[in-house]
Amino acid sequence: MNVDMRLADRLKKVNPSSTLAITSKAKKLKSEGFDIVTLAAGEPDFDTPDFVKLAAIEAINSGFTKYTPTSGIPELKKLICDKFKKDNSLEFSPNQIVVSCGAKHSLFNTFLVLVNPGDEVLIPFPYWVSYPEMVSLCQGTARFIKTSPKNSFKLNPSDLIKQINERTKILVLNSPSNPTGCVYTKDELKEIADICVKNNIFVISDEIYEKLIYDGLTHVSIASFGKEIKDLTITVNGFSKSYSMTGWRLGYLGANEVIAEAVSRLQDHSTSNPNSITQKAGLAALNAPEEFFSKICTQFQERRDYCISRLSKMPKISPIIPKGAFYIFCDISKTNLSSTQVANRLLEEKYLSLIPGQGFGADDYVRLSFTASNQQLEKGMDRLQDWLTKL
Ligand SMILES: Cc1ncc(COP(=O)(O)O)c(C=O)c1O
């Protein structure tokens with residue numbers, strides 16, 4: 001029996017994650033004993049902090065291991081409202097918050113409740129790999145908007161206007177961005193917000209890297225410009241990147257109560273509540289002092305600066321200096337190879353793993369993560385330099 005033919009049509013169009021493909025190949029080589037340097041990870045290298053782990057252990061010991069309300073426990077939703085107010089100047093009430101199993105889940109829920117077949121979703125590219133696949137799973141149409149390295153890969157308002165038509169429903173924004181590390185300024189976001197309000201377009205604002213920001217910049221939430229844009233914006237955030245909690249699976253969104261209620265209703269019939277223990281861990285995480293992030297940012301910024309200084313001296317590669325997140329997007333067009341060829345050859349010939357840009361909609365680029373120890377970064381840079389010099 002040909003099972004492939006019998007899969008639901010919606011799955012046939014979904015591509016496997018290109019980031020996962022190369023990382024699993026690297027993991028396999030590592031398990032076979034090869035000395036692999038991994039600059040591919042989408043997660044911080046530090047451990048989940050003890051104050052978070054202890055809260056989870058306490059939750060288990062006290063028997064907090066049963067179903068909770070679908071959209072999250074009231075204390076956590078209240079603390080998320082406080083966080084939105086303090087960090088993002090956004091006033092939400094708990095009925096406008098839905099806690100889910102990771103920001104990815106919050107994003108997918110949002111697409112599921114908003115996208116009808118044929119609706120168009122505007123996605124600036126390079127983009128995070130999962131946005132187009134999520135849109136496709138919802139039978140929407142992803143319409144990509146090209147951005148330029150000359151503008152740090154930020155969406156140009158006139159390009160946005162050109163793509164809007166009567167089927168346009170949503171714009172996806174991701175600042176700080178994976179993979180480019182670009183960070184939008186207040187003025188840039190205000191201009192985009194005005195266009196979305198004028199054209200009645202929803203904004204899904206993925207702010208998962210908000211705390212990882214460099215050079216003294218501050219993160220701005222697009223929903224903070226007033227009631228009209230706030231009503232149209234679904235602000236998504238999570239615990240994975242800021243607190244190194246990728247395996248715990250906890251994310252959340254703040255939105256208009258009608259959207260939040262729809263997301264909660266959807267979640268009632270899919271996952272129900274996010275893990276009860278993880279929610280208690282999330283409570284502890286949100287109580288972290290601000291110095292917790294400044295320490296991480298200082299360390300990441302030093303690593304970024306080290307990699308940029310090395311990369312800028314190498315032939316055939318041009319890095320874009322990231323202002324946030326923990327990735328460096330590098331132009332490799334001068335190698336005359338595709339991004340997949342570069343990533344595969346570096347892995348096979350130099351045991352160095354990076355992510356090809358092809359899955360982000362940018363085949364002239366590779367993505368390098370600087371969430372590795374200084375020693376690993378140095379080793380990785382040496383291998384890359386050696387390979388490029390001999391190419
Ligand atoms: C831009 C972006 N959004 C969302 C996510 C998903 O995060 P989570 O682990 O909370 O599902 C990621 C993870 O890589 C990401 O890079």
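**Exercise 1. The surroundings of a helix**

Which elements are included in what covers the buried residues of α12?

*Solution.* The model under study is predicted. Begin with the helix itself: α12 spans residues 276–286, and its buried residues are Thr278, Gln279, Lys280, Ala281, Gly282, Ala284 and Ala285. Next, look for what lies against these residues: the cover includes α4 (50–61), α5 (74–88) and β2 (97–100).

**Exercise 2. The chain as a whole**

Determine whether the radius of gyration of the chain agrees with that of a compact globule, and describe the content of the chain.

*Solution.* First, take the expected value: for 391 residues, a compact globule would have a radius of gyration near 21 Å. The chain has 21 Å, so the value agrees with the globule rule. Second, consider the extent: along its principal axes, the C-alpha trace covers about 60 × 60 × 55 Å. Third, count the elements: the chain holds 15 helices and 13 strands. Fourth, turn to burial and contacts. Of the 391 residues, 47% are buried. If one takes the contacts between residues at least 6 apart in sequence, 74% of them join residues at least 24 apart.

**Exercise 3. Two domains and their contact**

State the bounds of the domains, then describe the side of domain 1 that touches domain 2.

*Solution.* Step one is the assignment: domain 1 consists of 3–47 + 291–390, and domain 2 of 50–286. Step two is the separation, which is 24 Å between the C-alpha centres of domain 1 and domain 2. Step three is the contact, to which domain 1 gives 33 residues and domain 2 gives 31 residues. Step four is the origin of the residues on the domain 1 side: α3 (18–31), α13 (290–311), β10 (327–331) and β13 (365–369) each give two or more. The largest share, five residues, belongs to α13. Step five is the composition of that side, with 16 nonpolar, nine polar and eight charged residues.

**Exercise 4. A sheet with open edges**

Give the strand order of the open four-stranded sheet and identify its edge strands.

*Solution.* The order is β9-β10-β13-β12, and the pairing is antiparallel. The edges are β9 (318–320) and β12 (355–356), each of which pairs on one side only. Now examine the pair β10 and β13: five bridges join these strands in the antiparallel sense. One residue pair can be located within it, since Asp331 has Tyr365 of β13 as its bridge partner. Both β10 and β13 also appear among the elements that give two or more residues to the side of domain 1 that touches domain 2.

**Exercise 5. A covered strand and its partners**

Is β5 mostly covered or mostly uncovered, and how many bridges join β5 to β3 and to β6?

*Solution.* Start with burial: β5 (residues 168–174) is mostly covered, with six of its seven residues buried. Then take the partners in turn. Strand β3 (residues 120–125) runs parallel to β5 and is joined to β5 by three bridges; Glu120 has Thr168 of β5 as its bridge partner. Strand β6 (residues 202–206) likewise runs parallel to β5, through five bridges. Here Leu171 is matched with Val203 of β6.

**Exercise 6. Unusual backbone geometry**

Locate two cis peptide bonds and two residues other than glycine with positive phi.

*Solution.* The background is as follows: most residues other than glycine have a negative phi, and most peptide bonds are trans. The bond from Phe125 to Pro126 is cis, with omega near 10°, and Pro126 lies in the loop between β3 and α7 (130–137). The bond joining Asn178 and Pro179 is also cis, with omega about 20°; Pro179 is in the loop between β5 and α9 (186–199).

For phi, Gln139 has a positive value near 60° and sits in the loop between α7 and β4 (141–146). Because 14 other C-beta atoms lie within 10 Å, Gln139 is partly exposed. Asp215 also has a positive phi near 60°, in the loop between β6 and α10 (227–232). With 13 other C-beta atoms within 10 Å, Asp215 is partly exposed.

**Exercise 7. The ligand shell**

Which residues come nearest to the ligand, and how is its shell made up by class?

*Solution.* Of the 13 residues around the ligand, the nearest are Gly102, Ala103, Lys104, Gly238 and Ser240. Sorted by class, the shell contains three nonpolar, eight polar and two charged residues.

Conventions
Residues numbered from 1 in each chain as written. Predicted model: local features only at pLDDT ≥ 70, side-chain atom pairs only at ≥ 80, totals over all residues. Rg over C-alpha atoms; globule rule 2.2 N^0.38 Å. Buried ≥ 20, exposed ≤ 12 C-beta atoms within 10 Å, placed from the backbone. Contact = placed C-beta atoms within 7 Å. Near = placed C-beta within 6 Å. Nonpolar A, V, L, I, M, F, W, Y, C, P; charged D, E, K, R; others polar. Domains from an automatic or database assignment. Pairing = 2+ DSSP bridges.
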